[in-house]
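Colleague: I'd like to learn how to read the features of a fold properly. Could you walk me through one, starting with the strands?

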Amino acid sequence: MSLLEMRDLSVSLGGRPVIRHADLAIGAGEVVGLIGPNGAGKTTLMRAALGLIPASGESTLATLDETARARAVAWMPQDRHIAWPVAVEALVALGRLPHRPWRASLTTEDHRIVADALRQVGLAGFEARAATKLSAGERTRALIARALAQQTPLVMADEPIAGLDPAHQMSTMQTFCDLTAQGRSVFLSIHDLGLAARYCTRLVLVGEQGIAADGSPGQVLTPQHLARIFGIEAHLSNGKEGPVFQPLRVLGP
Ligand SMILES: Nc1ncnc2c1ncn2[C@@H]1O[C@H](COP(=O)(O)OP(=O)(O)OP(=O)(O)O)[C@@H](O)[C@H]1O
């Protein structure tokens, strides 16, 4: 069963085609990394898949009503701005909103899920802190916790590990991998191709106004794709602990 399926999805922005005829299905138990250069259309593809911007074609998530969609997918946008000084615990508890009646209090189970999510991102002890008084990386981790607390089959996140230190980048990617054991999936955009190769079960490469490649890290991070879409030379090898991606040089025009 697919958690997200898009068929023939096309998006134009400002009168310019950004994504043309994208087909993509995400099944249970996958960590799918969406990669591609700046401006290639990763955010656009995700937002269109969620029904947040107009698109032609179909996406199974775009047709759901708000509550059904919030139970099907947790969305973490790239913008980490938090406008008001809500406590970190209350911010993360917003992830429980789709699961309880309007204005109902948090249940004991909700509190447990929120505490677990805070622990998973290393923010236990920050419950009472105003979210506006977190560092940028801590704020990112609080928003990851909110997405985790939503306990949806699919988490979609736009560059969730950007700005995190190496330990938190790896622990976040490991947390995403751990969700697959419950049949849950993560669809994330990511610029760090080393971590993408290491942790993602599958990569989707956006370039040339659409999906240029879709497959295992070895199938996608080929010298040809890296040269054509990213304009770089890099080497992917199999290390003892999994794929190792080594950037070598920027290719000339
Ligand atoms: N509202 C808009 N109107 C016109 N063009 C837009 C609009 N929003 C984005 N674009 C353009 O659409 C293209 C795709 O943008 P998008 O944000 O999807 O790229 P991205 O792959 O997520 O990039 P990045 O890696 O820099 O986050 C870019 O060329 C961008 O300039």
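Modeller: Happy to. Keep in mind that this is a predicted model. The general idea first: strands of a sheet pair through backbone hydrogen bonds, either parallel or antiparallel. Here, strand 1 and strand 4 pair in the antiparallel sense, with 3 bridges between them.

Colleague: Which residue of strand 4 is the bridge partner of Arg 7?

Modeller: That's Glu 58.

Colleague: And in which sense do strand 1 and strand 2 pair, and over how many bridges?

Modeller: Antiparallel again, over 8 bridges, with strand 1 covering residues 2–13 and strand 2 covering residues 16–27. For a landmark, take Met 6, whose bridge partner in strand 2 is Leu 24. Strand 1 and strand 2 form a hairpin with 2 residues between the strands, and Gly 14 there takes a positive phi near 60°.

Colleague: What is the strand order of the open sheet of 3 strands?

Modeller: The order is 2-1-4, and the pairing is antiparallel. Strand 2 and strand 4 (56–59) are at the edges with a single partner strand each, so each has one side without a neighbour in the sheet. From one strand to the next, the twist averages 10°.

Colleague: Which strands does helix 1 lie across?

Modeller: Helix 1 lies across strand 1, strand 2 and strand 4, and runs at about 115° to strand 1. Helix 1 also turns up in the ligand shell: residues 42–50 make up this helix, and it supplies the largest share of the shell, 3 residues.

Colleague: Which residues are around the ligand, then?

Modeller: Going along the chain, you meet Leu 13, Gly 14 and Val 18, then Gly 36, Asn 38, Gly 39, Ala 40 and Gly 41, and finally Lys 42, Thr 43 and Thr 44. So Gly 14 comes up twice, as a residue with positive phi in the hairpin and as part of the ligand's surroundings. By class, the shell holds 7 polar, 3 nonpolar and 1 charged residues.

Colleague: Now the other sheet. What is the order of its 6 strands?

Modeller: This open sheet reads 5-6-7-3-8-9, and its pairing is mixed. Strand 5 (73–76) and strand 9 are the edge strands, pairing on one side only. The twist in this sheet averages 15° from one strand to the next.

Colleague: How many bridges join strand 8 and strand 9?

Modeller: There are 5, in the antiparallel sense, between residues 202–207 of strand 8 and residues 210–215 of strand 9. Val 206 stands opposite Ile 211, while Val 204 has Asp 214 as its bridge partner in strand 9. The hairpin of these two strands has 2 residues between them, and Glu 208 takes a positive phi near 55°.

Colleague: Last topic: how do I describe a pair of packed helices?

Modeller: Two packed helices are described by the angle between their axes and the distance between the axes. For helix 4 (residues 108–120) and helix 5 (residues 136–149), the angle is about 140° and the axes are 8 Å apart. That angle makes helix 4 oblique to helix 5. The crossing of helix 4 and helix 5 is right-handed.

Colleague: Which residues make the contact?

Modeller: Helix 4 contributes Ile 113, Val 114, Ala 117, Leu 118 and Gln 120, and helix 5 contributes Ala 145, Leu 148 and Ala 149. Sorted by class, the contact of helix 4 with helix 5 has 7 nonpolar residues, 1 polar and no charged.

Notes:
Residues numbered from 1 in each chain as written. Predicted model: local features only at pLDDT ≥ 70, side-chain atom pairs only at ≥ 80, totals over all residues. Near = placed C-beta within 6 Å. Helix = DSSP H or I, 4+ residues; strand = E, 2+ residues; numbered from the N terminus. Nonpolar A, V, L, I, M, F, W, Y, C, P; charged D, E, K, R; others polar. Axes fitted to C-alpha atoms, helices over the stretch in contact; angles between N-to-C directions. Parallel < 35°, antiparallel > 145°, perpendicular 65-115°, else oblique. Left-handed = near helix turned anticlockwise from the far one by under 90°. Contact = placed C-beta atoms within 7 Å. Pairing = 2+ DSSP bridges.
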